[in-house]
Amino acid sequence: MDDDRPEPVSVTLGEARWRAVLDDAPALCRQAVRAAVDRAAGVPALAAAEIGVLLADDRAIRLLNARHRGQDRATNVLAFPLLDLDHGRPATGLASPAPLLLGDIALALETVCREAEEAGKPVGDHLRHLVVHGTLHLLGFDHQDAAGARAMEDLERAILAELQVPDPYGPDPHVDGAGRGRGDQHAWEAVR
């Protein structure tokens, strides 16, 4: 990131237990958002865009999911875009004064930790994957059809490779030959 560029990511720690699981969770979120915007944004104005990230718990995400999507359950990540973008390009014109607010991403602690444990992946890797995924949604990417899902997954793989996070859709180097995870097994215990 250029030193003269403003910090594009605001991370809110809505659930203190995130610190017990990943002390560097806010930094990992900032890193993942920057990488996704830098790689995926097709409009120079988006380079200075701002994104908010909420590190919440399952209860808070369940309430947001019920209110905004009509689904009364927790999920791993929610994205709330403020602009109508199509693959990082304005779908309806981009005449917004700086700073350009792209939207917000919210993540559920217990769900993120449980999914990481089930997949045998470090929580930090899974967190960065979900933040990249949410950022791509803010940029107008989706996975509603097979072609969109494939394009989004390919872009996620490329961004995560830059962050040195293993391919979340392919063979997992964090799992041994017997299928046992080698990830952050203690993290899930911290949130139970």
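Here are four short exercises, with worked solutions, on a predicted model of a protein.

**Exercise 1. Getting oriented**

Work out how many helices and strands the protein has, and in what order the elements run from the N terminus.

*Solution.* Start with the count: there are seven helices and six strands. Next, walk along the chain from the N terminus, and the elements read β-α-α-β-α-β-β-β-β-α-α-α-α. Then look at how the fold is held in sequence terms: of the contacts between residues at least 6 apart in sequence, 71% join residues at least 24 apart. Finish with the surface. Buried residues account for 45% of the 192 residues, while the protein exposes about 9500 Å², with carbon and sulfur atoms supplying 49% of that area.

**Exercise 2. Helix 2 against helix 5**

Describe the geometry of the packing between helix 2 and helix 5, and say which residues meet.

*Solution.* First find the two elements: helix 2 covers residues 25-40 and helix 5 covers residues 123-138. Their axes lie 8 Å apart, at an angle of about 40°. Because of that angle, helix 2 is oblique to helix 5. The handedness of this crossing is right-handed. Now list the partners. Helix 2 brings Ala25, Leu28, Cys29, Gln31, Ala32, Val33, Ala36, Val37 and Ala40, and these meet Gly124, Leu127, Arg128, Val131, Val132, Thr135 and Leu136 of helix 5. Sorted by class, this contact between helix 2 and helix 5 has twelve nonpolar, three polar and one charged residues.

**Exercise 3. Helix 4 against helix 5**

Repeat the analysis for helix 4 and helix 5, and explain why helix 4 counts as oblique to helix 5.

*Solution.* Begin with the axes: helix 4 (residues 109-119) and helix 5 come within 9 Å and cross at roughly 120°. The range 65 to 115 degrees is taken as roughly perpendicular, and over 145 as roughly antiparallel. The crossing angle fits neither range, so helix 4 is oblique to helix 5. The crossing of helix 4 and helix 5 is right-handed. On the helix 4 side, Val112, Cys113, Glu115 and Ala116 take part, meeting Val123, His126, Leu127 and Leu130 on helix 5. By class, the contact of helix 4 with helix 5 has six nonpolar residues, one polar and one charged.

**Exercise 4. Placing Gly170**

Locate Gly170 and decide whether it is buried, partly exposed or exposed.

*Solution.* Gly170 sits in the loop between helix 6 (146-162) and helix 7 (185-191). Buried requires under 20% relative accessible area, and exposed requires over 50%. Gly170 has 25% relative accessibility, so it is partly exposed. As a last step, take the C-alpha to C-alpha distance from Gly170 to Arg157: 9.4 Å, for residues 13 apart in sequence.

Notes. Residues numbered from 1 in each chain as written. Predicted model: local features only at pLDDT ≥ 70, side-chain atom pairs only at ≥ 80, totals over all residues. Heavy atoms only, no water. Axes fitted to C-alpha atoms, helices over the stretch in contact; angles between N-to-C directions. Helix = DSSP H or I, 4+ residues; strand = E, 2+ residues; numbered from the N terminus. Parallel < 35°, antiparallel > 145°, perpendicular 65-115°, else oblique. Left-handed = near helix turned anticlockwise from the far one by under 90°. Contact = heavy atoms within 4.5 Å. Nonpolar A, V, L, I, M, F, W, Y, C, P; charged D, E, K, R; others polar. Buried < 20%, exposed > 50% of the residue type's maximum accessible area, 1.4 Å probe, protein only. Areas by Shrake-Rupley, 256 points an atom, 1.4 Å probe, with all protein chains shown as cover.
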